[in-house]
Amino acid sequence: MLDITQLRRDLNAVVARLEARKNPQPFLDVARFTALEGERKTLQTRTEELQAQRNQISKQIGMLKGRAAKGEDTAAQVEQAMAQVAGIADEMTTGAARLEAIQAELNGMLMSVPNLPQADVPIGSDETGNVEVRRWGTPRTYDFAVKDHVDLGAPLGLDFETGAKLSGSRFSFLKGPAARLHRALAQFMLDTQTTQHGYTECYTPYIVNREVLEGTGQLPKFKEDMFWVSRGGDESQAEQYLISTSEISLTNSVREQVLPADALPIKLTAHSPCFRSEAGSAGRDTRGMIRQHQFDKVEMVQITRPDQSDAALQEMVGHAEAILQALELPYRVVLLCTGDMGFGATKTYDLEVWLPAQNTYREISSCSNCEAFQARRMMTRFKNAQGKNEFVHTLNGSGLAVGRALVAVLENHQNADGSIAVPAALRPYLGGQDVLRP
């Protein structure tokens, strides 16, 4: 959520930064916001006037009652003053109710407004405006016809037909070598993030409450992208959702807390399934594991002081890169433009891995700095050097998407006979195997 004081201080500048996101839909109803703010100021000014009047009249009542105690006839004056105080109280009650309604509407508006891009984020309307930062590795050349992961994976136990029978399209079923490779990748990623990069491993719920998703920004704007659940068919239960990433549960683990400064940064990681309805993606990536309703991911989350978050973002990108380098997978790092960033991000780098069968780079990790955007929604603060409560900054990144890593390993390390050369980093997790064969 944006800082409403920033909107009040310089609305035009905030709107200009929002418009840099190049979304065809208006992010903020400026006319309505201005009208509500004008009414709020008027009501608050009137409330202050009424409080001053009430205090003045209350003093007069005290004086009149003192005179009455001396035998002076002030009953009529006291009654009149008391009536004035009652009228003021009624007006203040009405004004307070209206102020509460205005504040609720303003908060509701801000819940649907995205974060502001940092000044150095390139301006662009979509992915064509993204800027490549660097590349690592050289895509391999093959002296045989390259197969995609669907054809390579089928003899190894990658089964889309059974997945579709069980759950419908965009689900997969893994068994044998494919399932073991999938598990090995997740374990390798977790071990790397915890033992080499200093993250604390977590196991989180896969079902969360509505306010948790509001905290990280998935709700209310992206409800259609989520899977909703009910407990035992009881529709009266509070809204609950399957997580689309463990960023949600990891980041919200510090919600509604004031953290000591020396506890920062907090670095958390988790391996979890992720559930996404993929609303609006009909016809895109229908073959294989690139875009699934259920997939696994090892997530990285950092909770930092504001002055640490820019450096933390670069660090997290490096942590994701380390996984790809260990798996011997060519990739590139891309700085997303304003029109391609996620809702809560102020700056995002994507890591795109080379897929030989598609002859292109595809996203496998996204690392974002959200600054105080999520913290403001979650009410997560820390005690700064002055002893005052200040919002933390939150960051998240994939370290990595397990299914897409499996795709990349199969395609990049394929042999002419359909076997898969196992990268050295994965061999300890596969009983020392250096080749996967059907």
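Tutor: Two strands pair if DSSP finds at least two bridges between them, and strands themselves are DSSP runs of E, at least two residues, while helices are runs of H or I, at least four, all numbered from the N terminus. Before we start: this is a predicted model, where local features need pLDDT of at least 70 and side-chain atom pairs pLDDT 80 or more, while totals for chains, interfaces and linings use all residues. Residues are numbered from 1 along each chain as its sequence is written, and side-chain values use heavy atoms, with hydrogens and water left out.

Student: Okay, what makes β13 and β16 a pair?

Tutor: Three bridges join strand β13 (residues 360–369) to β16, and the rule asks for at least two, so they pair. The two run antiparallel. Two of the bridge partnerships to look at are N369 with L395 in β16 and C367 with G397 in β16.

Student: And how do you know that β10 pairs with β16?

Tutor: Count the bridges again: strand β10 (residues 294–304) and β16 share seven, in the antiparallel sense. T304 has H393 in β16 as its bridge partner.

Student: Why is β16 called largely enclosed?

Tutor: Check the burial of strand β16 (residues 393–401): nine of its nine residues are buried, so the rest of the structure largely encloses it. Buried here means under 20% relative accessible area, against over 50% for exposed and partly exposed in between, with a 1.4 Å probe and protein chains only. β13 gets that description too, since seven of its ten residues are buried.

Student: What joins β13 to β12?

Tutor: Nine bridges, and the two strands run antiparallel. W354 finds its bridge partner in Y361 of β13. The hairpin of β12 and β13 has four residues between the strands, and there N359 takes a positive phi near 55 degrees.

Student: What is on the other side of β12, with β11?

Tutor: Five bridges there, between strand β11 (residues 331–335) and strand β12 (residues 347–355), again antiparallel. L335 is matched with Y349 in β12.

Student: Which order do the strands take in the whole sheet?

Tutor: β1-β11-β12-β13-β16-β10-β9-β4, an open sheet of eight strands with mixed pairing.

Student: What makes β1 and β4 edge strands?

Tutor: Their partner count: β1 (131–136) and β4 (200–202) each have a single partner strand, so one side of each is left without a neighbour in the sheet. From one strand to the next the twist averages 25 degrees.

Student: There's a sheet with β5, β6 and β7 as well. Which strands are at its edges, and why?

Tutor: That open sheet has three strands in the order β5-β7-β6, with antiparallel pairing. β5 (207–209) and β6 (227–229) are its edges, each with a single partner, so one side of each lacks a neighbour in the sheet. Three bridges connect β5 with strand β7 (residues 240–242), and I207 stands opposite L242 in β7.

Student: Over to the helices. Why are α7 and α10 called oblique?

Tutor: Helix α7 (residues 177–195) and helix α10 (residues 309–326) have axes that come within 10 Å and cross at roughly 135 degrees. Axes are lines fitted to C-alpha atoms, for helices over the stretch in contact, with angles from 0 to 180 degrees between N-to-C directions. Roughly parallel is under 35 degrees, roughly antiparallel over 145, roughly perpendicular 65 to 115, and the rest is oblique. The value falls in none of the three named ranges, so α7 and α10 are oblique to each other.

Student: Which residues meet there?

Tutor: F188, M189, T192 and Q193 in α7 meet H319, I323 and A326 in α10, where contact means heavy atoms within 4.5 Å.

Student: What makes R404 count as buried?

Tutor: R404, in helix α12 (residues 402–412), has 18% relative accessibility, under the 20% limit, so it counts as buried. Leaving out residues up to four places away in sequence, R404 touches I290, E363 and I364.

Student: And N115, buried or exposed?

Tutor: Buried, at a relative accessible area of 6%. N115 sits in the loop between α4 (75–111) and β1. Beyond its neighbours within four places in sequence, its contacts include L2, L18, R21 and F343.
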